[in-house]
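Here is a short set of exercises to work through with the model open beside you. Try each task on your own before reading its solution.

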Amino acid sequence: MGMSVTISAAAEQDAEQIFRLQYLCFQGEAALYGNYRIDPLVQTLDSVREEVTADCVYVARLGDEIVGSVHGRITEDGAAAIGKLCVHPRLQGHGIGARLLRSAEAALAGERGARTFRLHAGHRSESNLRLYSKVGYQRVGTSQGADGVPMIVLEKNTEAYATTA
């Protein structure tokens with residue numbers, strides 16, 4: 001008998017598992033860019049705890065294990081910045097990332113009034129870019145990450161969310 005993956009808002013006690021999961025999941029991104037100073041790898045446990053309590057953080061659980069997470073917050077311009085989407089490598093490709101995104105989008109639009117969703121993806125991160133395109137995000141520009149990685153900026157408005165949810 002198999003277990004189902006459930007999606008829920010993160011609780012403060014989830015911070016350590018999220019911290020470890022991010023470290024595991026973002027190793028591939030770091031290797032892709034030859035840069036092990038990307039934010040999810042240098043973030044402190046205290047910083048993850050602060051995000052969980054202050055921002056919109058969702059987790060995917062398989063039993064008691066957190067196997068995915070996503071972070072969102074409202075920016076000064078009223079957009080929802082979504083980031084640090086990760087799914088345990090053994091469970092990638094099963095729709096968990098898309099489910100996490102939909103949950104974060106629903107909370108950010110419904111509870112926090114976001115009108116636009118915005119995320120950044122590394123320019124070489126083809127599987128991430130495919131996922132974001134599949135769930136309705138469109139490329140709107142480029143930026144440079146604080147760690148020096150060239151990023152593609154993607155956005156989706158809340159009307160597009162309603163059609164992809």
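**Exercise 1. Charges**

How many positive and negative side chains does the protein have, and how far apart do the centres of the two sets lie?

*Solution.* Keep in mind that this is a predicted model. Begin by counting Lys and Arg as positive, and Asp and Glu as negative. The count gives 17 positive and 19 negative side chains. Then locate the centre of each set: the two centres lie 6 Å apart.

**Exercise 2. The overall fold**

Work out the order of helices and strands, then test whether the chain has the radius expected of a compact globule.

*Solution.*
1. Take stock of the elements: the protein has seven helices and seven strands.
2. Follow them along the sequence, and the pattern reads β-α-α-α-α-β-β-β-α-β-α-β-β-α.
3. Now for the radius of gyration: a compact globule of 165 residues would come near 15 Å, and the protein has 15 Å, so the two agree.
4. The C-alpha trace spans about 40 × 35 × 30 Å along its principal axes.
5. Look at contacts with a separation of 6 or more: 62% of them join residues 24 or more positions apart.
6. Finish with the surface. Buried residues account for 44% of the 165, while the protein exposes about 8,700 Å², with carbon and sulfur atoms supplying 48% of that area.

**Exercise 3. The length of a helix**

Check whether the span of helix α5 fits its number of residues, and name some of its buried positions.

*Solution.* Helix α5 runs over residues 96-110, which makes 15 residues. The rule multiplies 1.5 Å by one less than the number of residues, so the expected span is 21 Å. The end C-alpha atoms of α5 are 21 Å apart, in agreement with that value. Among the buried residues of α5 are I96, L100, L101, A104 and L108, and E105 is on the list too.

**Exercise 4. Two charged residues in contact**

Are E51 and K84 buried or exposed? Place each one in its element and look at the backbone of K84.

*Solution.*
1. E51 is found in helix α4, residues 45-54, and K84 in strand β4.
2. The cut-off for buried is under 20% relative accessible area. E51 has 13%, so E51 is buried; K84 has 15%, so K84 is buried as well.
3. Beyond its neighbours within four places in sequence, E51 is in contact with Q43, V57, H71 and K84.
4. The phi of K84 is positive, about 55°, although K84 is not a glycine. Most residues other than glycine have a negative phi.

**Exercise 5. Contrasting two loops**

Which of the loop residues D77 and S125 is exposed, and which is buried?

*Solution.* D77 sits in the loop between β3 (65-74) and β4 (80-87). The cut-off for exposed is over 50%, and D77 has 55% relative accessibility, so D77 counts as exposed. S125 lies in the loop between β5 and α6 (126-134). With a relative accessible area of 2%, S125 is buried. Leaving out neighbours within four places in sequence, S125 is in contact with E29, L32 and Y33.

**Exercise 6. The partners of R118**

Find where R118 sits and what R118 is in contact with.

*Solution.* R118 belongs to strand β5, residues 116-122. Outside four places in sequence, its contacts include D77, A80, I82, V153 and E155. For distance practice, the C-alpha atoms of R118 and S103 are 15 residues apart along the chain and 15 Å apart in space.

Notes
Residues numbered from 1 in each chain as written. Predicted model: local features only at pLDDT ≥ 70, side-chain atom pairs only at ≥ 80, totals over all residues. Heavy atoms only, no water. Helix = DSSP H or I, 4+ residues; strand = E, 2+ residues; numbered from the N terminus. Buried < 20%, exposed > 50% of the residue type's maximum accessible area, 1.4 Å probe, protein only. Rg over C-alpha atoms; globule rule 2.2 N^0.38 Å. Contact = heavy atoms within 4.5 Å. Areas by Shrake-Rupley, 256 points an atom, 1.4 Å probe, with all protein chains shown as cover. Charge placed at Lys NZ, Arg CZ, Asp CG, Glu CD.
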